[in-house]
Amino acid sequence: MPSNLESYVSQESVIQHDDNLDESLIPKSEDSRTVGPVAYMFMWVGDGVNLGNMTLGASLVVAGTATLNIFQTFAAALIAIGIISTIFALNDRLGYRTGIPYVIQLRMSFGMKGSIISSLMRGIPAIVWYGFQSWIGGTALNEITKIVTGGAFDHVAICFIVLQLVQIVLSLFGFHAIKWVESLISIVIILALLYVFGILLTSHSHVIAEKWVHTKGTWGLAFFGQIMMFMGNYAAIFLSAADYSRELKTGISDGKRGLLYFSPIVIAYGFVLSIGAMLASATGNSNPVKAFAIVVDNPYITLFVSVFIVMGVVATNMVANIIPPAYVITLLTKMKYKAAVIVTGLLALGAFPWVLVKDSSSKGLGIFILIYSAFLGPIVSILLIDYYILRKQKVNVAELYDENGPFAGFNPCALLAMFIGAGAAFLKVELAWVIGVVVAGIAYILLMRFTFKHSTFKKGSIFEK
């Protein structure tokens, strides 16, 4: 463990005396970390192989023709994945070294009260994604029931509710409940998708070539906007990187952890994006589940693929869309983690995911990603600048839990920088993420340097007097 953790044990003992703090928010010790590098990689493969990413690939196809050709799509994806992996490895370091979750990490920059706003910026998109993934999974479950009942049962809404209730029950068992299942699911889904990929190449190659491969596309604003969308899709996840890295076994270097993100995301994300674009090109339908049924046209294969789509939805939600908002709810309401998990699942039922993706277009999903990433870009910028530049990677963990310490209250510099960055991002929503990152970062440094001279948040920073 790094040298700045030598006082970890004493910090933990102090934190445990706070009766209002749920155990899930206390720093993870070395002994309680059970996720190894291989399982960690499979976790991100399982997260990447999901219908949300596939729908994002389908969003490239508008009015029957792709906005980017195959070369532009892969170039945009690789640029986005490279940036995603880099930020992951940078932002996961504090959680990995100290074992604290994201909602506690936020206190370093925003303060205990200020972190309420910034944590909601992460929690709300996760709940909507939770509902969206479940809606897609409910669509797949409905395909299963139609095949099994010979068409007698056809109710997507009921399947959506049933699947959501099942996920709520599963999530009560915590982070480790599906670690090994996730590994198995990711392997089987990739095999199933390879089968679909083969069908698309052999039976629909002509129309895919016409509508995606050979389309003119653009290297202009739409290309960079797609990079922002691909990145925005992961913006909420790498923002709360500490929630995942705190579960990873210790002793892994920063560079190796970067590869633990880059390798599975390239494999899963790139592959699934491609299939999404191919399915939409071949069928004209932006809902991957319905497009699968059209392309395969075999009830047994459709049943097989749909079963693992449902399993993939569960695996993805357990990793990316349940834990972060549950931590947020636990922190804000003081309720126990299991109760927060139930509330998270019920809120996802009311996320209206069917509005984001319709059979004819999944443009709504892209707009949603660009809007919320306008806020997430500034937050991650503030966290990274604070940790690496202003504090030189030195943070007293115990003070993050001290209600009378330097991180109590709120940091006006961080809140102002976040809103300034988000406001600038909305000036050009296609480039929202990168604009928000740059503007918020500059604003935060200037505000910390020249304003609120007696702020306690300058303690331990390069601006402390």
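How many aromatic pairs does a search of the whole structure find? In this predicted model, the search of the whole structure returns 20 aromatic pairs, two of which are set out below together with a ring cluster and a charge placed over a ring.

The pair formed by F74 and W212 has ring centres 6.4 Å apart and ring planes at 55 degrees, and is therefore classed as tilted. The two residues belong to distant parts of the chain, F74 being located in helix α4 (residues 70–91) and W212 in helix α10 (residues 205–213), with their positions 138 residues apart in the numbering. With a relative accessibility of 35%, F74 counts as partly exposed, whereas W212, at a relative accessible area of 2%, is buried.

For F230 and Y269, the centres of the rings are separated by 6.2 Å and the planes stand at 70 degrees, an angle over 60, so that this pair is edge-to-face. Because F230 lies in helix α11 (residues 221–239) and Y269 in helix α13 (residues 254–283), the pair ties together parts that are 39 residues apart in sequence. Both of these residues, F230 and Y269, are buried.

Ring pairs also extend into a cluster, in which Y40, W44, F88, F238, Y244, Y261 and W433 are linked. A contact of another kind, between a charge and a ring, involves R33, which is positioned over the face of Y96 at 5.6 Å from the ring centre.

Terms used:
Residues are numbered from 1 along each chain as its sequence is written. This is a predicted model: local features need pLDDT of at least 70, side-chain atom pairs count only at pLDDT 80 or more; totals for chains, interfaces and linings use all residues. Side-chain values use heavy atoms; hydrogens and water are left out. Rings of Phe, Tyr and Trp (its six-membered ring) pair if their centres lie within 6.5 Å; planes under 30 degrees apart count as stacked, over 60 as edge-to-face and the rest as tilted. Helices (H or I, at least four residues) and strands (E, at least two) are DSSP runs, numbered from the N terminus. Buried means under 20% relative accessible area, exposed over 50%, partly exposed in between (1.4 Å probe, protein chains only). A charge sits over a ring if NZ of Lys or CZ of Arg is within 6 Å of the ring centre and within 35 degrees of the ring normal.
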